[in-house]
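Below are my notes on the model, as numbered points. Please read them with the coordinates open.

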Amino acid sequence: MKEDNCLHAALICLGMLYYSHAITTEKLNHARPSLHGHHEKGKEGQVLHRSKRGWVWNQFFVIEEYTGPDPVLVGRLHSDIDSGDGNIKYILSGEGAGIIFVIDDKSGNIHATKTLDREERAQYTLTAQAVDRNTNRPLEPPSEFIVKVQDINDNPPEFLHENYHANVPERSNVGTSVIQVTASDADDPTYGNSAKLVYSILEGQPYFSVEAQTGIIRTALPNMDREAKEEYHVVIQAKDMGGHMGGLSGTTKVTITLTDVNDNPPKFPQSVYQMSVSEAAVPGEEVGRVKAKDPDIGENGLVAYSIIDGDGMDMFEITTDYETQEGVVKLKKLLDFETKKSYSLKVEAANVHIDPKFISNGPFKDTVTVKISVEDADEPPVFLKPSYIFEVQENAASGTVVGKVHAKDPDAANSAIRYSIDRHTDLERYFTINAEDGNIKTIKALDREEIPWHNISVFAVEVHKQHQEAKVPVAIKVVDVNDNAPKFAAAYEAFVCENARSNQQFITISADDKDDSANGPRFIFSLPPEIIHNPNFTLRDNRDNTASVLVRREGFSRQKQDLYLLPIVISDGGLPPMSSTNTLTIRVCGCDSNGSLLSCNAEAYILNAGLSTGALIAILACIVILLVIVVLFVTLKRQKKEPLIVFEEEDVRENIITYDDEGGGEEDTEAFDIATLQNPDGINGFIPRKDIKPEYQYMPRPGLRPAPNSVDVDDFINTRIQEADNDPTAPPYDSIQIYGYEGRGSVAGSLSSLESATTDSDLDYDYLQNWGPRFKKLADLYGSKDTFDDDS
């Protein structure tokens, strides 16, 4: 029905518009001449050209959303030069031409072929032109016109959000603004009432209302309570056409939440709380919890607890657990069931934050009574003191009473107590304790100078409950007794000059006493009665725990006596006093005229004047060194000489062994086994080094040097072997024991180069050059003998 009414109204408007357009066009056609083809003659017969408007129309309109069976006639174009013979052709171009708008090229009628939507496009700009149908020559200039799409109410209002969320404090006054909702309409706001919106509330009465023109939602009831209902769902409608019948509408949902205010005081659900705690509980232990209920939330529901009265204010305390909003009752001091069995507390719960607007609803606090009963616990024994300090004299006899400890059972049963010493604290077992009465006694004598304090621990255990025990520290001071005599503070050794003057002080001594200061200093120094008139030395007590030793006479002599022993008696200030005799050693020394010490040895006195002991020692050391050098030199001269010529490519020592193959005649079989001469130390597994000269000097032992011309080869070789074994200084250190002995009975004599090198023969050995390659080595060795002699 709604759509039929709209269509009917649109058709009426279109008809009126078309009728107005036709009348206007007709009038203009009669009033205005054409641009082309109209020629008039003047009074004198000349032809005049008059320019006039060729197109005649008003602005065209077309209703949107038209859905009729035929195309909608938008308007008609007509030129005054059109005589109706069909020679003029109308052409349409521009926006939507040929697609949305078509023109009859003969009549000029324009039709809309499609349904138009003003919200998609509100107007179209087109260009019309009249041309000659045969030649397509423009008969008039082109001209633009506008086709406007006429709006109809075809769009309902739409809200910016499908759902809104808003908050408002509870207990707000009536008319308090909550939120503004806004809707929009796509229809033309300048044409009719299609876009004129009116707001109304569909759901949410009687709690809220909405302003019809602005969409502002306000509270409609006073004292809305969050604790009763926290959330409300409101539906708002926006309707166009000014809210009249036939208009379109849209809706949105608004969720309104009441925020909390502190309008409720805390309340305890009960008037009395019963709690219990063991007397064995330690301070800080939780006893119980109380909770006052507050329907408010957040900081408005925060509750603080405090104890405001009761006989347990000193024994208990209460804190607030802000996570659970509970008051936690805790033990503040130790309890004793035997002393007091119950306590009473008055606890208050109050809001932390109070809103002045609702202070008339107060007071925002509540109180409750908490009764706490103390439960009896099986407690361990308790010593009367937290610690004990006793004194006992040192050297006291075994069994001497040191002191007494006492413990009791705090329970009502009052069980008997047994005492014992913790042996980990008395490993040497100096003390014992009476298990029944707690008397501590010594087992053996104590020495203050060894251990001045003894720290032990004593256990107290219930007789019938061995697991219940207590422990207390006991400190025992060993009181000093004057049982140590004073002694020299150090091992003194005094020196006095031979030329010392009478009454000259040469040393100051002090003493030391192991006893306590009460039995130690002050010290008294004196000489024994039998030597009180000592002719050599005297003693002076300085009365500051030191004494000075002085010379009584002049002129001491080291020759007569170089050492004196002076006994000194030292007494302490104890009761009774203790004393000891200490001996001071005094040496007589030689000094210069200024009293500076030179020497204290008695032997130095008989030496020549001008030579000190150090100088004499240096002289003796030089003489010994010279003697050692001479002995070494003689020893080296007696050793077998090395060959005069040593070639780099060959070692002569190797050749000595190589040439030992001539035989020694009949006595050669009696010669010493040459194998033992190779390396005697190798037999025992020790091979001396060949590349390092020994650091110590060898002194040849007397009696081992054989005669140069010894005829006993065995003795000669044995002597050489011993010298080689004991002389590490003779180069080449390891092969002095190697000999090429050929025997005494050979008529051929010896070709040994060792003997040849030591003879004074004038024989010319150059002829060896002619003996062939076998004698080439000998020729090289002895062919230039004169040269070597000259060089030497």
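1. F383 is buried, at a relative accessible area of 10%, and Y388 is buried too, at 6%. Here buried means under 20% relative accessible area, exposed over 50%, and partly exposed in between, with a 1.4 Å probe and protein chains only. The ring centres of F383 and Y388 are 6.4 Å apart and the planes meet at 75°, so this pair is edge-to-face. Rings of Phe, Tyr and Trp (its six-membered ring) are paired when their centres lie within 6.5 Å; planes under 30 degrees apart are stacked, over 60 edge-to-face, and the rest tilted. F383 and Y388 belong to one aromatic cluster with F390 and Y419.

2. On provenance: this is a predicted model, in which local features need pLDDT of at least 70 and side-chain atom pairs count only at pLDDT 80 or more, while totals for chains, interfaces and linings use all residues. Residues are numbered from 1 along each chain as its sequence is written, and side-chain values use heavy atoms, with hydrogens and water left out.

3. The whole structure holds 16 aromatic pairs. Another edge-to-face case is F537 with Y564, at 5.6 Å centre to centre and 75° between the planes. F537 sits in strand β39 (residues 537-541) and Y564 in strand β41 (residues 563-571), so the pair links parts that are 27 residues apart in sequence. F537 is buried at 2% relative accessible area, and Y564 is buried at 10%.

4. Two basic side chains lie over aromatic faces. K340 is placed over the face of Y343, 5.2 Å from the ring centre; R553 is placed over the face of F556, at 4.2 Å. The criterion is NZ of Lys or CZ of Arg within 6 Å of the ring centre and within 35 degrees of the ring normal.

5. For the chain overall, the assignment gives nine helices and 43 strands. These are DSSP runs numbered from the N terminus: helices are H or I with at least four residues, strands E with at least two. Of the 792 residues, 35% are buried. The exposed area is about 46,800 Å², with 52% of it from carbon and sulfur atoms; the areas come from the Shrake-Rupley method with a 1.4 Å probe, and for residues only the protein chains shown count as cover.

6. Of the contacts between residues at least 6 apart in sequence, 67% join residues at least 24 apart, a contact being heavy atoms within 4.5 Å. I389, in strand β27 (residues 388-393), is exposed at 63% relative accessibility. Leaving aside residues up to four places away in sequence, I389 touches W453 and A475. The C-alpha atoms of I389 and P473 are 8.7 Å apart, with their positions 84 residues apart along the chain.

7. One open sheet has three strands in the order β28-β32-β31, with antiparallel pairing; strands pair if DSSP finds at least two bridges between them. β28 (401-404) and β31 (431-433) are the edges, each with a single partner strand, so one side of each has no neighbour in the sheet. β28 and β32 (residues 439-442) share three bridges, and K404 stands opposite N439.

8. Strands β22 (residues 316-321) and β23 (residues 326-331) run antiparallel, joined by six bridges. T320 has G327 as its bridge partner in β23. The two strands, β22 and β23, make a hairpin with four residues between them, and Q325 in the turn has a positive phi of about 60°.
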